[in-house]
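Here is a short guided tour to read with the coordinates open beside you. Take the headings in order, or skip to the one that interests you.

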Amino acid sequence: MKNCTLSGILLLFSLGLQAQTTVNRDPAIAQLVADVSADSLRAHVTNLVSFGTRHTMSSATPKRGLSAARQWTLGKFQHYAKQSGGRLTAQIDSWTLQPDGRRIDAVTQMGNVMATLKGTDPNDDRIFLVSGHIDSRVSDVMNRTADAPGANDDGSGTAAVIELCRVMSKVPFPATIIFVAVCGEEQGLLGANHLAQRAKDEKWNLEALLNNDIMGSNHSPDTHITDNTRVRVFSEGLPGYQTDSLAANIRQYGLENDGKSRQLARYTKEVGERYVDQLEVVMVYRNDRFLRGGDHTPFVTRGFPAVRITEMNENFAHQHQDLRTQDGVEYGDYVKFMDFDYLRKNTAMNLAVLANLAKAPSMPQNVTVEARSLTNSTSLFWQAPKAGNSASRKIKGYYVLMRETHWPFWQKKFYTEKVGLTLPYSKDNYFFAVQAVSEDGNESLPVIPRPGLR
Ligand SMILES: [Zn+2]
């Protein structure tokens with residue numbers, strides 16, 4: 001929220017529009033955020049690097065290569081399962097790939113290492129995914145024998161996933177969270193494609209994917225910037241799925257900046273900054289960087305809300321490089337180039353977003369804006385969410401969010417306990433959305449209203 005996020009304070013506008021100041025951190029989430037440890041993250045990254053290379057086609061040996069790194073990661077997940085009271089299960093989702101004439105030139109055993117923290121509410125089928133990629137590479141993407149430490153790319157994202165699993169598996173969440181170290185990113189997003197297709201085939205109610213890739217260092221040698229207070233969230237504004245059939249609606253109502261992934265990016269910014277001090281989440285209005293790809297894309301193209309989280313200033317001497325010193329510059333993706341307090345903050349930001357989503361009710365249903373009468377006020381109507389609205393798990397109410405049409409994030413929140421609200425602001429001049437809110441103040445993702453009659 002404008003003006004407020006740095007202090008973790010939100011201005012909440014009540015129905016009468018009198019402003020009140022409220023600290024809006026859920027203490028249970030704040031406690032988990034505080035449990036994310038830079039030392040623990042350093043240990044995870046150091047262990048991942050100790051396998052020498054994690055190239056997708058590296059040989060399977062007990063101590064070196066991707067297969068050993070996968071087994072180690074599975075072991076971490078299984079260890080955390082013991083503290084979960086049976087809610088966490090871990091497995092490797094594996095399959096075999098034949099040579100594809102591109103970046104796979106031998107029969108290759110693939111495997112995504114997954115830990116599923118089952119939600120405790122049987123009526124809540126929502127799933128939230130957080131990913132990093134476990135594989136690494138050097139200058140030649142086909143080089144499977146050279147040392148490829150992959151400390152930051154993407155030991156950082158994989159360590160974040162392991163750390164999130166460590167902290168979050170201790171406590172119950174109503175909805176399901178899946179922690180995944182995907183494989184084959186460098187060979188063409190192979191693990192993410194497999195998982196996104198599985199989510200589609202099995203009709204997962206997947207409401208968000210946070211993809212973490214290169215997020216534990218923040219020194220740019222070419223622009224001389226060292227700053228560990230900002231992190232990027234990349235998102236696509238248009239729906240990456242059925243774009244053509246939705247285009248007319250998007251054009252008519254000006255919704256090019258309100259696709260599901262952009263909404264998730266906005267939510268990530270607001271909730272991440274609410275819980276993590278000294279961190280600004282910078283929204284970048286594109287799906288990814290120039291000439292680069294990421295594991296969120298196979299999800300985006302299948303219609304799932306998905307964003308990429310990446311450090312603010314990448315150091316290209318430390319990515320995809322043969323280990324060497326050349327013209328006085330040391331090349332290679334080493335642990336020593338990372339900033340673990342920065343990785344801690346970025347991991348904690350993921351935690352805040354995942355926990356807030358998984359504790360929230362599901363989204364309100366059939367959200368509409370009254371569009372028949374010409375008026376300068378706005379009436380919105382909706383129905384209660386499907387999940388999170390039972391006797392044991394009550395919703396508190398709803399937020400109607402509002403922003404000017406040119407503004408990047410929501411500017412005002414109006415709270416109501418009813419399933420409709422009329423505001424003295426014109427629907428022609430602002431965007432609106434509705435969130436459901438739990439008793440602990442956890443908000444669902446916002447829903448943009450459809451024009452309707454009432
Ligand atoms: Zn990467």
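## A buried valine in strand S5

Let us begin with Val130, which is buried, its relative accessible area being 0%. Please keep in mind that this is a predicted model. Val130 belongs to strand S5. Which residues does Val130 touch, leaving aside its neighbours within four places in sequence? The contacts are Val161, Leu164, Ile178, Phe179, Val180, Leu209, Leu210, Asn212, Asn350 and Leu354.

For a sense of distance, pick Thr422 as well. Val130 and Thr422 are 292 residues apart along the chain, and 37 Å separates their C-alpha atoms.

## The zinc ion

Which protein atoms serve as donors of the zinc ion? They are NE2 of His133, an OD atom of Asp153 and two OD entries from Asp213, at 2.0 to 2.7 Å from the ion. Along the chain, the donor residues follow the spacing H-x19-D-x59-D. His133 sits in strand S5 (residues 126-133), while Asp153 is in the loop between S5 and helix H4 (155-168), so this pair ties together parts that are 20 residues apart in sequence.

Why is the arrangement irregular? The angles subtended by the four donor atoms around the zinc ion run from 52 to 146°, whereas a tetrahedral label would need all angles to lie between 85 and 135 degrees. Two of the donor residues can also be placed by accessibility. His133 is buried at a relative accessible area of 1%, and Asp153 is buried too, at 4%.

## The loop between S5 and H4

Stay with Asp153 for a moment, and look at its peptide bond to Asp154. That bond is cis, with omega of about 0°. Asp154 is also placed in the loop between S5 and H4. As background, most peptide bonds are trans.

Ala148 is found in that loop between S5 and H4 as well. Is Ala148 buried or exposed? With 3% relative accessibility, Ala148 counts as buried. Its contacts, leaving aside neighbours within four places in sequence, are Gly52, Thr53, Arg54, Ser136, Arg137 and Val138. Ala148 is 97 residues from Phe51 in sequence, with 9.0 Å between the two C-alpha atoms.

## The second largest pocket

Now turn to the second largest pocket, with a volume of about 200 Å³. It is lined by 16 residues, and those closest to its centre are Glu185, Glu186, Arg292, Gly293 and His320. How do the lining residues divide by character? Nine are charged, four are polar and three are nonpolar.

His320 deserves a second look for its backbone. Its phi is positive, about 55°, although His320 is not a glycine. His320 lies in the loop between strand S12 (306-311) and strand S13 (324-326).

## Other loop residues worth a click

Gln187 has its place in the loop between strand S6 (176-182) and helix H5 (190-201). Gln187 counts as buried, with 3% relative accessibility. Not counting residues up to four places away in sequence, Gln187 touches His55, Thr56, Met57, Arg103, Ile104, Asp135, Val141 and Met142.

Gln278 lies in the loop between helix H7 (260-275) and strand S11 (280-284). Gln278 is exposed, at a relative accessible area of 60%. Its phi is near 60°, a positive value in a residue other than glycine. Most residues other than glycine have a negative phi.

## Pro239 and Ala384

Pro239 is in the loop between strand S10 (230-234) and helix H6 (243-253). Not counting residues up to four places away in sequence, Pro239 touches Leu246 and Ile250. From C-alpha to C-alpha, Pro239 and Arg262 are 9.0 Å apart in space, with a separation of 23 residues in sequence.

Ala384 is found in the loop between strand S16 (378-383) and strand S17 (395-404). A relative accessible area of 26% makes Ala384 partly exposed. Leaving aside its neighbours within four places in sequence, Ala384 is in contact with Gln365, Asn389, Tyr398 and Val419. To finish, return to Ala148: Ala384 and Ala148 are 236 residues apart in sequence, and 51 Å apart in space, C-alpha to C-alpha.

Note on methods: Residues are numbered from 1 along each chain as its sequence is written. This is a predicted model: local features need pLDDT of at least 70, side-chain atom pairs count only at pLDDT 80 or more; totals for chains, interfaces and linings use all residues. Side-chain values use heavy atoms; hydrogens and water are left out. On a 1 Å grid over the protein atoms alone, a cavity is a set of points where a 1.4 Å probe fits but cannot get out, and a pocket is an open set with protein on both sides within 12 Å along at least five of seven lines; lining residues have an atom within 4 Å of a point. Grid points are joined across faces, edges and corners, and a volume is the space filled by probe spheres set on the points. Ala, Val, Leu, Ile, Met, Phe, Trp, Tyr, Cys and Pro count as nonpolar, Asp, Glu, Lys and Arg as charged, and the others, Gly among them, as polar. Donors are N, O and S atoms within 2.8 Å of the metal (3.2 Å for Na, K and Ca); water is not among the atoms, so sites may look incomplete. Four donors count as tetrahedral if all angles lie between 85 and 135 degrees; four count as square planar and six as octahedral if opposite donors are over 155 degrees apart and all others between 65 and 115; anything else is irregular. Helices (H or I, at least four residues) and strands (E, at least two) are DSSP runs, numbered from the N terminus. Buried means under 20% relative accessible area, exposed over 50%, partly exposed in between (1.4 Å probe, protein chains only). Contact means heavy atoms within 4.5 Å.
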